[in-house]
Amino acid sequence: MGIFDGLLGNSRELNAEDVEQDMDRLLTMGEQVEKAYRITRDLIIFTNKRLILVDKEGMTAKKIEYLSIPYKNITRFSIEAEGHFDLDAELLIWILGEEAPIQKQFGRSVDIYELQSVLAYYVLK
């Protein structure tokens, strides 16, 4: 069912060590991946220093955007947990100087409360 999960926008938590090895060229000295989630083809990565959003663009994903957000620039965030009829949870993140939030949707396989807790830990440090 893997291909259907991707098409339906489902998400899952990834092994932080594997993501850290894959992203080693992006990480700075002393930076470690704490949590990582796959959302269809994209990634949301929590490191001990920043939030990294990886957006694979186009059908072939040859072009990849890496958006690096220092935790100090996150002004607020919210979650919307899945309900009985809504199978997705949503994370909204507002960045300093930006009017519209960044929105990410997660399937039931991701604990949105744990994800929110990780984000809160780093933003509120």
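Which residues does Ile95 touch, not counting residues up to four places away in sequence? In this predicted model, the list is Ile69, Asn73, Ile74, Thr75 and Ile102. Let's see where Ile95 sits, and then look around the rest of the chain.

**The whole chain**

There are 125 residues here, and 36% of them count as buried. The chain has three helices and eight strands. If you walk along the sequence, you meet them in the pattern α-β-α-β-β-β-β-β-β-β-α. As for contacts with a separation of 6 or more, 33% are between residues 24 or more positions apart. On the outside, the accessible surface comes to about 8100 Å², and carbon and sulfur atoms own 51% of that.

**A sheet of three strands**

Strands in a sheet pair up through backbone hydrogen bonds, and they can do so parallel or antiparallel. In this chain, three strands make an open sheet in the order E6-E7-E8, with antiparallel pairing. E6 and E8 are the edge strands, each pairing on one side only. From one strand to the next, the twist averages 15 degrees. Helix H3 (residues 112-123) packs on this sheet and touches E6, E7 and E8. The direction of H3 makes about 170 degrees with that of E6.

Here are the strands of the sheet with their residues:

| Strand | Residues |
|---|---|
| E6 | 74-80 |
| E7 | 89-95 |
| E8 | 102-106 |

Now zoom in on one pair. Strands E7 and E8 run antiparallel and are joined by five bridges. One residue pair to look for is Leu91 and its bridge partner in E8, Lys104.

**Back to Ile95**

Ile95 belongs to strand E7. Is Ile95 buried or exposed? Its relative accessibility is 14%, so Ile95 counts as buried, because the cut-off for buried is under 20%. One of the residues that Ile95 touches is Ile69. These two are 26 residues apart along the chain, yet their C-alpha atoms are separated by 8.1 Å.

**A patch on the surface**

For a contrast, try Tyr66, which you'll find in strand E5 (residues 63-70). Tyr66 has a relative accessibility of 39%, so it counts as partly exposed. That label covers values between the 20% limit for buried and the 50% limit for exposed. Together with Leu26 and Ile64, Tyr66 makes a nonpolar surface patch of about 230 Å².

Technical notes: Residues are numbered from 1 along each chain as its sequence is written. This is a predicted model: local features need pLDDT of at least 70, side-chain atom pairs count only at pLDDT 80 or more; totals for chains, interfaces and linings use all residues. Side-chain values use heavy atoms; hydrogens and water are left out. Patches are made of residues with over 30% relative accessible area and no salt bridge: like charges are joined within 9 Å, nonpolar side chains (Val, Leu, Ile, Met, Phe, Trp, Tyr) within 5 Å. Accessible areas come from the Shrake-Rupley method with a 1.4 Å probe; for residues, only the protein chains shown count as cover. A salt bridge is a side-chain nitrogen of Lys or Arg within 4 Å of a carboxyl oxygen of Asp or Glu. Helices (H or I, at least four residues) and strands (E, at least two) are DSSP runs, numbered from the N terminus. Buried means under 20% relative accessible area, exposed over 50%, partly exposed in between (1.4 Å probe, protein chains only). Two strands pair if DSSP finds at least two bridges between them. Axes are lines fitted to C-alpha atoms, for helices over the stretch in contact, and angles run from 0 to 180 degrees between N-to-C directions. Contact means heavy atoms within 4.5 Å.
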